[in-house]
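Work through the exercises below with the structure open beside you, and try each task before you read its solution.

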Amino acid sequence: MFDDTTLERFRSYRGIDACPEDFDAFWDARVREADAVPVSYRVERAAMPSGSACDLFDLWFTGMRGAELHAKYLRPRTDDPVPLVLQFHGYPGASRSWFEQCSFVGMGMALIALDCPGQGGPSQDPGGFVGTTVAGHIVAGLDGPVENLYYVRLHQDIRILCNIVSELSGIDRECVYVNGASQGGGLGLATCALNPELIARAAILYPFLSDFHMVWDLGLDVVAYEGIGYYSRWFSAAGEHLDDAFAKLAYFDSKNFAHLVHCPVLFGTGLEDTVVPVPTQFAVYNNLTCEKEHHLYPGFGHEEIQEFDDRIIPFLCERG
Amino acid sequence: MLSVSNLEKLIAPGAVDMPGTLSARLTPLLAPVADAAVPEGTREQTDCLLASAACSSVERTEVDFGNPNAAYYQVELTLADGSKVFARLIEPRGICRPWEKTPLVLMFHDAARPVRGWHHMTRFAALGCAVLALDEGVPSIENVEAAFNSLVVPALALAHAASSLDGIDRTRVYTWGEGLGGALALAVAAIMPSQIARCAVCNPMPLDLTRGSSSINLIAWAPRISCATLIGTGLRDEIAPTEACAQLAHRLGGNAELIAYPEHAHERINEFENKVLSFLASE
């Protein structure tokens, strides 16, 4: 638990390394590349008996480099347009069960839950990353150009998914929201930043993928951040290449996307979190310039925080 | 009776006689249990428990989350002896309510944790189901037997209260629970068999209580459970052993499906949640 002085320091902390000067231009170019990919998708009824008030589908679409990507797609059973939640899962894993996703359908909303490529779900990762790939998607591609990093490609895949959402029938496009925790929180914020015309609100819990230099400095480059630890041990044992590595990682650092987020953000942090270090979460939050609210949970680590989840209901329902 | 399971699929014939293998461990669980008798005195014990669980009043207070498709309530039950039982109720509305009469899930949570959050339980609205969840604090996992014994009457009170709720399809009242909550879900199904249409449990425990005069041995009482039952069990669960789940499944009065998960311990099982969804949502 942090003392008041430390918490006060967190409230003005914005991260160790500055945002790259060409960050916005870099992502403008990546978004254009994603938009140049022809939209190709199919919606198939899922191999699950549908509940009485909702329908379950598999959404397959073509991502960057021809990757076949998968998302769960759930809809309330109605002909009227409904709000939509884009849901992103934690690292490494897959979208949670159909049943868990049903909570948003119970709020009268459709939901698309992407399975990140090459993790715990059926989405394919076409690979081809330069450098180490044995541990950690964070560093996948780190020895090649920034454009080919795993997470750069994933944000482009999500841009393609957003383009599909713009075509899907039965969606109220004034009410498209983002929800995600951990990796899902990082992906969610980047989704808001790169698709500002689409995303109206975002609920973000302890976002991963941020302030990598601070993670390393704290010695917490383990568990979800272990890729940094392995890279450091094997390729920069005495710190020779760390600056170059952090300079590349900066292009998908959640805190660097923050200034591009325009929608209201509900943000949660468990103050005992050591998987996604607390100061790195503050760095993300403090760089947000949009309407925002930060809820702190003493006694909670990187785990389910029911009180935060319950806040999501009015946060999204009050808009429609 | 155990009618469907994946146990056989997990057994490698070449490893059955090799000590320490999963196959050697699972093979004995395939054999059905011949004895389906319920211990003497069970009827008197269930009558006594039911009398204790009768509700004299059910009060509900709405909690406003602004969701037009579900209504949320804190529920307070008063039992005949004046004691209180607390619960959370969510009822589907709007597009989540395709029928006037909705199915109802009686939900029981595990030890060492509180009742599930409102957002978590909103999932039932998507199925067109109401959910009534016991909210009696955080039961001790160190003394789970005592926790179980103290929560059986409150669990039965929930089932009693269901009969006073408007808009419930009384032919579709289900029980669902995890860990300690799984045992409570089974206990309600065993004590009120005519009122429970389906029962789903994950890593239920304790199942084989023998201590104390008021203890309920669910394996012994299993033949009383006549509804379809779905059981999920993690083979690495050290506090809710698969052996007890299989023993119970063989003795159940109704059809049972047992799914064993080799890599899971005492935890939520993503794949099993999909099974629960199918089980509760199918007609």
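The exercises that follow concern a predicted model, and each task is followed by a solution in steps.

**Exercise 1. Confidence and overall size**

Task: Find out what average pLDDT chain B has, and judge whether the radius of gyration of chain B agrees or disagrees with that of a compact globule.

Solution: Begin with the confidence, where chain B averages a pLDDT of 95 and 98% of its residues score at least 70. For the complex, the predictor gives an ipTM of 0.95 and a pTM of 0.96. Next, take the length of chain B, which is 283 residues, so that a compact globule would have a radius of gyration near 19 Å; chain B has 19 Å, which agrees. Along its principal axes, the C-alpha trace of chain B spans about 60 × 40 × 35 Å. Repeat the reasoning for chain A, where 320 residues lead to an expected value near 20 Å for a compact globule, and the 19 Å of chain A agrees with this.

**Exercise 2. The sheet of chain B**

Task: Determine in what order the strands of the open sheet in chain B are arranged, and which strands stand at the edges.

Solution: The secondary structure of chain B comes to 10 helices and 10 strands. Following the sheet from one side to the other gives the order β1-β10-β9-β8-β7-β5-β6-β4-β3-β2, with mixed pairing. The edges are β1 (2-5) and β2 (55-63) of chain B, each of which has a single partner strand, so one side of each is left without a neighbour in the sheet. Neighbouring strands are turned by 20 degrees against each other on average, direction ignored. For one pair in detail, look at β3 (residues 70-79) and β4 (residues 84-92) of chain B, which pair in the antiparallel sense over 9 bridges; here Q74(B) has R88(B) in β4(B) as its bridge partner. Finally, add two helices: α6 (residues 144-162) of chain B lies across strands including β2 and β3 and runs at about 150 degrees to β6(B), while α7 (residues 180-191) of chain B lies across β5, β7 and β8, at about 145 degrees to β7(B).

**Exercise 3. Where the chains meet**

Task: Identify which helix gives the most to the side of chain B that touches chain A, and work out how α3(A) and α10(B) are oriented to each other.

Solution: First, 30 residues of chain B are in contact with 28 residues of chain A. On the side of chain B that touches chain A, α4 (118-121), α5 (123-126) and α10 (270-281) each supply at least two residues, and α10(B) gives the most, with 7 residues. By class, this side of chain B has 15 nonpolar, 13 polar and 2 charged residues.

Now turn to the helix pair, in which α3 (residues 98-105) of chain A packs against α10(B) at an angle of about 60 degrees, with the axes 7 Å apart. The two helices are therefore oblique to each other. In this contact W98(A), F99(A) and E100(A) meet E273(B), N274(B), V276(B) and L277(B), and these residues divide into 4 nonpolar, 1 polar and 2 charged.

**Exercise 4. Backbone exceptions**

Task: Locate where P92(A) is found and where P206(B) is found, and examine the peptide bond that leads to each.

Solution: As background, most residues other than glycine have a negative phi, and most peptide bonds are trans. P92(A) is in the loop between β4 (82-88) and α3 of chain A, and the bond from Y91(A) to P92(A) is cis, with omega near -20 degrees. P206(B) is in the loop between β8 and α8 (218-221) of chain B, and the bond from M205(B) to P206(B) is cis, with omega near 0 degrees.

Note on methods
Residues numbered from 1 in each chain as written. Chains lettered and ligands numbered in written order. Predicted model: local features only at pLDDT ≥ 70, side-chain atom pairs only at ≥ 80, totals over all residues. pLDDT = per-residue confidence, 0-100. Contact = placed C-beta atoms within 7 Å. Nonpolar A, V, L, I, M, F, W, Y, C, P; charged D, E, K, R; others polar. Axes fitted to C-alpha atoms, helices over the stretch in contact; angles between N-to-C directions. Parallel < 35°, antiparallel > 145°, perpendicular 65-115°, else oblique. Pairing = 2+ DSSP bridges. Rg over C-alpha atoms; globule rule 2.2 N^0.38 Å.
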